Amino acid sequence: ILEEDLSRNKMQLKRALEVSDKLYKELWSLRGKIRTYCRIRPPRKTGSANGIRIFKDVVVVPTRSNDIYVCAFDRVFPITSQEQTIYDGMRMYIESAILNENSCIIAYGQSGTGKTRTVRNIIRRAAKDLFSCGQWRLLVREVYMDKINVLYDQTIDTAEKLAEAQTEIEKERSVGTTELNAKSSRSHLIYSFTNLAQAGSLTLADLAGNERVARSGAKGKTL
């Protein structure tokens, strides 16, 4: 009887997983596989107003010529958003990689807007979800001055090892000082997680800052 119950439970679990996988893929199809998010950072100077207004998922940005830019996104994270809120918004991409899909998160924006910090915190919070299903190969590549450098390539299976890897990687990354950021990333950094037990993968790209040279003051190799 116990063997029959065990066999029956395994079959029910298998069907439940198949239904879950089907529903998850349908959700992806409905939402769209390419989505844009916007995170608003606080003003650089305490007490200054950046003039940005948010209307649900629409951002209105004033220009120096008294004009405005109106930008629509799939989701906007306001200044008050906590790091956990950001991760919860990205979680479906981590879960997709666990469910044998290929996911990619790209952080793009001006120098000093917090891209590296955002990517770092997403990776740190993803550890629990990723390692719940086994080991992952982490390959980290830096694109700098038309060259691709491998900064890390190892198998990891714990949050502690991932934290150590991030510390090692950040020490090796090319950075420089600009008028916008005391420690500005000058390269594209690409994290590639590959599930060793299944077919899923997760890529996070922390792109170098998009900046105006007149404002950043970057020169030489920093430029």
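Modeller: Two strands pair if DSSP finds at least two bridges between them, and in this predicted model one such bridge joins Ile 54 to its partner Val 59 in strand 3.

Biologist: What makes strand 2 and strand 3 a pair?

Modeller: Three bridges join strand 2 to strand 3, residues 58–62, and since the criterion asks for at least two, the two strands count as paired, running antiparallel.

Biologist: Why are strand 2 and strand 4 called edge strands?

Modeller: The open sheet has three strands in the order 2-3-4, with antiparallel pairing, and strand 2 (53–55) and strand 4 (68–72) each pair on one side only.

Biologist: What makes the aromatic pair of Tyr 37 and Phe 77 stacked?

Modeller: The ring centres of Tyr 37 and Phe 77 lie 6.2 Å apart, with 20° between the planes; a pair needs centres within 6.5 Å and stacking needs planes under 30 degrees apart, so both conditions are met.

Biologist: And how do you know that Tyr 37 and Tyr 93 are edge-to-face?

Modeller: Their centres are 6.4 Å apart and their planes 85° apart, and because an angle over 60 degrees counts as edge-to-face, the name follows. Tyr 37 lies in strand 1 and Tyr 93 in helix 2 (residues 83–98), so this pair ties together parts 56 residues apart in sequence.

Biologist: Why does Phe 77 count as buried, and Tyr 37 as partly exposed?

Modeller: Buried means under 20% relative accessible area and exposed over 50%, so Phe 77 at 3% is buried, whereas Tyr 37 at 24% falls in between and counts as partly exposed.

Technical notes. Residues are numbered from 1 along each chain as its sequence is written. This is a predicted model: local features need pLDDT of at least 70, side-chain atom pairs count only at pLDDT 80 or more; totals for chains, interfaces and linings use all residues. Side-chain values use heavy atoms; hydrogens and water are left out. Helices (H or I, at least four residues) and strands (E, at least two) are DSSP runs, numbered from the N terminus. Rings of Phe, Tyr and Trp (its six-membered ring) pair if their centres lie within 6.5 Å; planes under 30 degrees apart count as stacked, over 60 as edge-to-face and the rest as tilted. Buried means under 20% relative accessible area, exposed over 50%, partly exposed in between (1.4 Å probe, protein chains only).
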